[in-house]
Amino acid sequence: MRRRELLAGLPAVGLSAVAGCTVGGEPPEPDDLTLSAPAFDEGRIPKRFTCDGEDVSPPLVVEGVPDGSESLAIVGEWLRSYGSATIWLLWNLPVEGRLELPADIPNGPRVEVVDGARQGTNDEGFVGYRSPCHETPGQNEYRFNVYALDEPLSIEGGADRDVFDEALEGAVRSSTTLTAVYERF
């Protein structure tokens, strides 16, 4: 069972004990790592980046990468009430300076527009970004995590979340989260 599914299944009382845990071991020390989405409007995902719009990945900006980091990874998740669903796995991103991921990264295991980074298989079963597209009316939360890593991940593009999480274990130097909502119907 994936760690994220295990944590999602814990009662709310037990969550306070594990709230600081991250994939990859102990919670990292606070630092200046930030993740932002310049196209999001006050924490809302614009229609363009959803199945109701152009169905393309959003632009993201990573800054404040800790010294000594060798690679970055990004995970996108849909935070459903009964457990999260992976909408994007992206790894082996460069760490030099400010990283600006463009919108509309092509789906596929290798991302040439970002120095040959890799993408994994989302929970819909295809490689690349699966845009927000929840089936129920109302707001749903989506979370994007960025991880600063001690080394590039040695897994091939197209890997699924379990393989990704295993490779991430013990390699995380720092992490941060960006949460946004999309309201359908």
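Leu90, leaving aside its neighbours within four places in sequence, is in contact with Leu72, Ala73, Ile74, Leu101, Ile105, Val111, Ala117, Arg118 and Gln119. I should say now that this is a predicted model.

Leu90 belongs to a wider group. The largest nonpolar core has 33 residues, and Leu90 is among those with the most contacts inside it, along with Val62, Leu72, Leu93 and Leu101. Where do the residues of this core come from? At least two residues each are supplied by S2, strand S3 (71–80), S4, strand S5 (99–101), S8 and strand S9 (172–184). S4 gives the largest share, five residues. There is also another core, lying apart from this one, with 13 residues. Tyr147, Leu149, Ile155 and Ala159 are among them.

Next, the aromatic rings. How many aromatic pairs are there? The count comes to five. Take Phe40 and Phe49. Their ring centres are 6.5 Å apart and their planes stand at 50 degrees; planes over 60 degrees apart would count as edge-to-face and those under 30 as stacked, so this pair is tilted. Are these two residues buried or exposed? The cut-off for buried is under 20% relative accessible area. Phe40 has 12% relative accessibility, so Phe40 is buried. Phe49 has 3%, so Phe49 is buried as well. Phe40 and Phe49 also form one aromatic cluster together with Phe144.

Now a pair with another geometry. The ring centres of Trp88 and Tyr129 lie 5.2 Å apart, and their planes are at 75 degrees, so the pair counts as edge-to-face. Trp88 and Tyr129 are 41 residues apart, and the pair links distant parts of the chain. Trp88 is in strand S4 (residues 83–93). Tyr129 is in the loop between strand S7 (117–119) and strand S8 (138–149). On accessibility, Trp88 comes out at 0% and therefore counts as buried. Tyr129 comes out at 4%, so Tyr129 counts as buried too.

That loop between S7 and S8 also holds Cys133, which brings me to the disulfide. The structure holds one. Which cysteines form it? Cys51 and Cys133 do, with their sulfur atoms 2.0 Å apart. The angle about the S-S bond is 80 degrees, and the link is right-handed. Cys51 sits in the loop between strand S1 (34–36) and strand S2 (60–63). Cys51 and Cys133 are 82 residues apart, so to speak of the chain, this pair links distant parts of it. Is Cys51 buried, exposed or partly exposed? Cys51 has 27% relative accessibility, so Cys51 counts as partly exposed.

Last, the surroundings of Trp78. The charged end of Arg80 sits over the ring of Trp78, 5.3 Å from the ring centre. Trp78 has a polar contact as well: the side chain of Asn140 reaches the side chain of Trp78 at 2.8 Å. Where is Asn140? Asn140 is placed in strand S8. At 12% relative accessibility, Asn140 counts as buried. Not counting residues up to four places away in sequence, Asn140 touches Trp78, His134, Ala180, Val181 and Tyr182.

To go back over two points: the disulfide joins Cys51 and Cys133, and Leu90 is one of the residues with the most contacts inside the largest nonpolar core. That is what I have.

Definitions and conventions
Residues numbered from 1 in each chain as written. Predicted model: local features only at pLDDT ≥ 70, side-chain atom pairs only at ≥ 80, totals over all residues. Heavy atoms only, no water. Phe/Tyr/Trp six-rings, centres within 6.5 Å; stacked < 30°, edge-to-face > 60°. Buried < 20%, exposed > 50% of the residue type's maximum accessible area, 1.4 Å probe, protein only. Helix = DSSP H or I, 4+ residues; strand = E, 2+ residues; numbered from the N terminus. Lys NZ or Arg CZ within 6 Å of the ring centre and 35° of its normal. Disulfide = S-S within 2.5 Å. Core = buried A, V, L, I, M, F, W, Y, C linked by side-chain atoms within 4.5 Å. Contact = heavy atoms within 4.5 Å. Polar contact = N/O pair within 3.5 Å; in protein donor to acceptor, adjacent residues only side chain to side chain.
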